[in-house]
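Let's take a friendly tour of a protein model, going from its aromatic rings to the way its helices meet. Have a look at the structure below before reading on.

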Amino acid sequence: MRETPGYAEIAAKFRQQIQDGTLRPGDEMPSYDEAATQFGVAHTTVNRAYRVLKMEGLVLVRPGRKTVVASPVSNNIGTRVALHAATGSALDGGESSRILEVGTVGADALVAPRLEVPPGTPVQVRRRVVSRDGVPVHLSSSYYPAYVIAVTPELQQSVSTGASRELAAERLGVAQDQVLEEVTSRLATTAEKETLGLTAAEVVVTQVVRTVTLEDGRVVEVAVKVAEGSTILRWTTSLRPQD
């Protein structure tokens, strides 16, 4: 007689299906009833397995209490800066970046005060979508002031420089100092849903506005990143006693 699996084994089974693509981002996970029947276990065992997957960021609970596979996680700016320093590229393994738009726009009410320019001031914008293993992860719009474009004219071209901030900082001869990140959630626009492959009528996205400054206090970039999901902040803290 086959031994009944524990919650860790059930979590491992679903984890493998998510990692190998059998379960894709946005797919609905089996209901508690379905999973309990499939594995021959109680609802409490399924609940514990799903809690493990939630803590790992692999699944999310949607309105109506449906559990779905989460979209790939986008690396934060600190990770990307470290990646560039180590490898010469800000993109992680399996990631790709596609330029959607490059041009000059008037700084709007969101961007202007962060670039420390009057609203309507012409600034350079670069919009791109970053994907991981072919799945869109986030949409990013980067805005640059005139003094950055003066030393990095490449940012006016529809080609990926790989690390625009690093290039600008190098040309200006001043290292990056810090980044202010402002995180909010809102409904996705039609264009954002199309770019990120989101099909629901109303989709909540997380918006991260990043203002990067150099050691001399000048702003080198303001970037607006949009990704699926309403999670504002998430981290795991170990509660185990320290040695």
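## A cluster of rings

A good place to start is a group of four side chains: Phe14, Tyr32, Phe39 and Tyr50 form one aromatic cluster. Keep in mind that you are looking at a predicted model. Three aromatic pairs are found in the structure, and we can visit two pairs that involve phenylalanine 14.

Take phenylalanine 14 with phenylalanine 39. Their ring centres are 5.7 Å apart and the ring planes stand at 80°, so this pair is edge-to-face. Phenylalanine 14 belongs to helix 1 and phenylalanine 39 to helix 2 (residues 32-39), so the pair ties together parts that are 25 residues apart in sequence. Are these two rings buried or exposed? Phenylalanine 14 has a relative accessible area of 1% and is buried; phenylalanine 39, at 12%, is buried as well.

Now turn to phenylalanine 14 with tyrosine 50. Here the centres lie 5.8 Å apart with the planes at 70°, so this pair is also edge-to-face. Since phenylalanine 14 sits in helix 1 and tyrosine 50 in helix 3, the pair ties together parts that are 36 residues apart in sequence. Tyrosine 50 has a relative accessibility of 0%, so it counts as buried.

## Where two helices meet

To picture two packed helices, we use the angle between their axes and the distance between those axes. How do helix 1 and helix 3 pack, and at what angle? For helix 1 (residues 7-19) and helix 3, the angle is about 50° and the axes are 8 Å apart. That angle makes helix 1 oblique to helix 3. The crossing of the two helices is right-handed.

Which residues make the contact? Helix 1 brings Tyr7, Ile10, Ala11, Phe14 and Arg15, while helix 3 brings Thr45, Arg48, Ala49, Tyr50, Val52 and Leu53. Sorted by class, this contact of helix 1 with helix 3 has eight nonpolar residues, one polar residue and two charged residues.

## A closer look at valine 52

Valine 52 is found in helix 3 (residues 43-55). With a relative accessible area of 24%, valine 52 is partly exposed, because the range for buried residues is under 20%.

Which residues does valine 52 touch, once its neighbours within four places in sequence are left aside? They are Tyr7, Ala11 and Arg15. Valine 52 and arginine 15 are 37 residues apart in sequence, and their C-alpha atoms are 9.7 Å apart in space.

Notes:
Residues numbered from 1 in each chain as written. Heavy atoms only, no water. Helix = DSSP H or I, 4+ residues; strand = E, 2+ residues; numbered from the N terminus. Buried < 20%, exposed > 50% of the residue type's maximum accessible area, 1.4 Å probe, protein only. Contact = heavy atoms within 4.5 Å. Axes fitted to C-alpha atoms, helices over the stretch in contact; angles between N-to-C directions. Parallel < 35°, antiparallel > 145°, perpendicular 65-115°, else oblique. Left-handed = near helix turned anticlockwise from the far one by under 90°. Nonpolar A, V, L, I, M, F, W, Y, C, P; charged D, E, K, R; others polar. Phe/Tyr/Trp six-rings, centres within 6.5 Å; stacked < 30°, edge-to-face > 60°.
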